[in-house]
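Here are some short exercises to work through with the model on your screen. Try each task yourself before reading its solution.

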Amino acid sequence: MKKIGLFYSFNTIKTSKNAEKVKKAFGKDYDVEMVNVEEIDEDSFLSYKNMVLGVPTWFDGELPNYWDEFMPAIDDMKLKGKKVALFGLGDQVGYPENFVDAIGLLAIALEDRGAKLIGFTSPEGYTYERSAALRDGQFLGLALDIENQAALTDERIKAWVEQLKKEF
C-alpha cells in the first residue's frame, strides 16, 4: 500500500471538495492522508515520499496566502526522491491570462528543490490565453475549472488519479 500525503487547505470549500474526490478515486489500495497545509511544518511535509498538492489560483495568478506563507520553508528543503502531483482550481473565462498559474508557481519551487513532478495533463478542452502551469504543451498537473466546466471535473479527477497510480 502506498502512502500519499494530500495537502490542501481544509478551510477552502472548493479545493476541499475536490481533494475529497481525489482521495476517493485512489480507493482502498492507497493510504491517502489528508493534510491541512495551513497547519503543516517542514518535518510533516518531508515525511511523505509521495505527495498530491491542491492549490487554487487567487486573483491575478497568485498563490493563496497559506501556500505563500509556506514557500520560505519550501525554499530551504531538499526534495530529491519526492514525487509530487499538483491539482489546481482556476477560472479560464474570468481569468484567461493566468489560468491555474498557482500550479506553475508551486511546480517551479518544488522542482528547484529536487522534487520529481508527475501527473501532467493535456490542455485540450480548455480555453484560456496564458498559463504559468503550461510547459511543453502540457499542464504541470490537473487543471480544474469548476466555475465553467463543473460537469467535466469528476471525469478529469478519475482519469488523473488512474495516471497517478501508475506514476507513483
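**Exercise 1.** Find which residues of helix 3 meet which residues of helix 4.

*Solution.* Start with the contacts (heavy atoms within 4.5 Å): Trp-67, Met-71 and Ile-74 in helix 3 meet Leu-106, Ala-109 and Leu-110 in helix 4. Next, sort them by class: six are nonpolar, with no polar and no charged residues. Here Ala, Val, Leu, Ile, Met, Phe, Trp, Tyr, Cys and Pro count as nonpolar, Asp, Glu, Lys and Arg as charged, and the others, Gly among them, as polar.

Before going on, note that this is a predicted model, where local features need pLDDT of at least 70 and side-chain atom pairs count only at pLDDT 80 or more, while totals for chains, interfaces and linings use all residues. Residues are numbered from 1 along each chain as its sequence is written, and side-chain values use heavy atoms, leaving out hydrogens and water.

**Exercise 2.** Work out how helix 3 and helix 4 are oriented to each other.

*Solution.* First, locate them: helix 3 covers residues 65-75 and helix 4 residues 101-112 (helices are DSSP runs of H or I, at least four residues, numbered from the N terminus). Then take the angle, about 15 degrees, with the axes 11 Å apart. Axes are lines fitted to C-alpha atoms over the stretch in contact, and angles run from 0 to 180 degrees between N-to-C directions. The two helices are therefore roughly parallel (angles under 35 degrees).

**Exercise 3.** Do likewise for helix 1 and helix 5.

*Solution.* The axes of helix 1 (residues 13-26) and helix 5 (residues 150-167) come within 9 Å and cross at roughly 50 degrees. Helix 1 and helix 5 are therefore oblique (not under 35, over 145 or 65 to 115 degrees). Finally, their contact has seven nonpolar, two polar and four charged residues.
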